[in-house]
Amino acid sequence: MYPIVSVEALNSEVTRMEIFAPQVAKKIRPGQFIMLRIDEKGERIPLTMNDCDPVAGTVTIIFQQVGATTIRLASMLPGQAIQDFVGPLGNPTELDGVKRACVIGGGLGTAIAYPQAKWLHDHGAEVDVITGFRTKDLVILEKEIAEVAAWHKVMTDDGSNGNKGVVTAPLQERIDAGAGYELVSAVGPIIMMKFVALTTKAAGIKTLVSMNPLMVDGTGMCGGCRVKVGDQYLHACVDGPDFDGHLVDYDDAMRRGVAYRKFENAARERCLWAAKAEKIEEQQEAHDRLAETELEGKVGE
Ligand SMILES: Cc1cc2nc3c(=O)[nH]c(=O)nc-3n(C[C@H](O)[C@H](O)[C@H](O)COP(=O)(O)OP(=O)(O)OC[C@H]3O[C@@H](n4cnc5c(N)ncnc54)[C@H](O)[C@@H]3O)c2cc1C
Ligand code: FES
């Protein structure tokens, strides 16, 4: 079992959780992920390392509550434990030797982009970071990124933080201003990575994108996580998750990403109803206890 060390809500949708997993903490690097299972009956889900502390033996994950498993996980507390926490899986992001880079995070992708920026900073690179969110209440990791970025710009779709627009606008400006990026690494919605790759292709800058298709085993066995890269299908779990952004077929990835939406929505509904039912049961029990106490009081009078 893997004990939960801390749990923190970063906003209404996103949770940061630190887990004691010393073997994983010793080896995991930016870009790599783990597969976890809450209990014996739970489904296995992949989550990327956000941070790790090999000395304390902890791995930090940040996840968005999007469905049955992530909603359940967010309700767990320090002291409780997770059944399986397997990793590191996948390949680390290829950052060795890079001296000037731009790391881009879209929404939750910021949690995955952050360790890349940190690693680059810690290894002497000058790294710019651009992050994008729907609205300012969803902005995460601003303080952590400020500590490692040479320059950081946060964009919002609705302009609620004063910077309205998509991440490619400041990216294009920086490129035009001669930022001299050797590498751009983007993590976020497929559509965002597609447009980042189009921007950097025109400028001839090497670009990595992190592909997060549906994964079942995470070890290259099931074939569920295929991504079309150039003229071949590769497995995101063993060949990725990072791929050459100029070769990924984003439209194919978007089509495959919605294939199981009906089943996922049904599982999410079941989970929400189970939580509601549990709450109603708790309220009923509290009500019964109160009624019992009152009755005992009356009998004693
Ligand atoms: C390599 C990799 C790294 C990831 N890292 C993170 C991360 O750091 N933080 C984070 O919040 N999310 C991450 N994800 C996505 C995360 O795995 C899904 O959000 C999670 O599995 C949802 O499960 P659920 O039961 O809560 O929701 P469901 O209702 O089952 O699914 C909701 C959505 O999550 C995605 N999803 C569902 N099951 C899987 C699966 N087995 N594999 C991949 N995607 C799935 C699908 O897009 C789906 O539409 C990552 C995915 C991959 C492949
Ligand atoms: S998750 Fe099964 S092959 Fe990648």
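## The hairpin and its strands

In this predicted model, strand E1 leads into strand E2 by way of a hairpin of four residues. The two strands, E1 at residues 2–9 and E2 at residues 14–20, pair in the antiparallel sense over five bridges. Within this pairing, Ile4 has Ile19 of E2 as its bridge partner, while Glu8 is partnered by Arg16 of E2.

E1 is also joined to strand E6, residues 81–82, through two bridges, and these two strands again run antiparallel. Here Pro3 stands opposite Ala81 in E6.

## The sheet as a whole

These pairings belong to an open sheet of seven strands, whose order is E6-E1-E2-E5-E4-E3-E7 and whose pairing is antiparallel. The edges of the sheet are formed by E6 and by strand E7, residues 84–89, each of which pairs on one side only.

Helix H3 lies across two strands of this sheet, namely strand E4 (45–53) and strand E5 (58–64), and its direction makes an angle of about 40° with that of E4.

## The nonpolar core

The largest nonpolar core holds 77 residues, and the members that touch the most others are Ile34, Val59, Ala101, Ile104 and Ala117. Helix H3, residues 109–122, supplies the largest share of this core, with seven residues. Because domain 1 (2–89) and domain 2 (100–212) both contribute residues to the core, the core lies between these two domains.

The surroundings of Val59 can be listed in detail: leaving aside residues up to four places away in sequence, Val59 touches Ile19, Ala21, Val24, Ala25, Ile28, Ile34, Met49 and Cys52. Among these contacts is Ile34, which, like Val59, is one of the core residues that touch the most other members. Another of the contacts, Ile19, is the residue of E2 that serves as bridge partner to Ile4.

## Helix H6

Helix H6 covers the 14 residues from 190 to 203, and, at 1.5 Å a residue, a helix of this number of residues should span 20 Å; the C-alpha atoms at its ends are 20 Å apart, so the expected and computed spans agree. The expected value rests on multiplying 1.5 Å by one less than the number of residues.

The buried residues of H6 are Ile190, Met192, Met193, Lys194, Val196, Ala197, Thr199 and Thr200, a list that includes Lys194 and the two threonines beside the nonpolar side chains. After H6 comes Gly204, and the phi of this glycine is positive, near 70°.

Notes
Residues are numbered from 1 along each chain as its sequence is written. Chains are lettered from A and ligands numbered from 1 in the order in which they are written. This is a predicted model: local features need pLDDT of at least 70, side-chain atom pairs count only at pLDDT 80 or more; totals for chains, interfaces and linings use all residues. A residue is buried if 20 or more other C-beta atoms lie within 10 Å of its own, exposed if 12 or fewer, and partly exposed in between; C-beta atoms are placed from the backbone. Two strands pair if DSSP finds at least two bridges between them. A nonpolar core is a set of buried Ala, Val, Leu, Ile, Met, Phe, Trp, Tyr and Cys residues joined through C-beta atoms within 7 Å. Domain bounds come from an automatic or database domain assignment. Two residues are in contact if their C-beta atoms, placed from the backbone, lie within 7 Å. Axes are lines fitted to C-alpha atoms, for helices over the stretch in contact, and angles run from 0 to 180 degrees between N-to-C directions.
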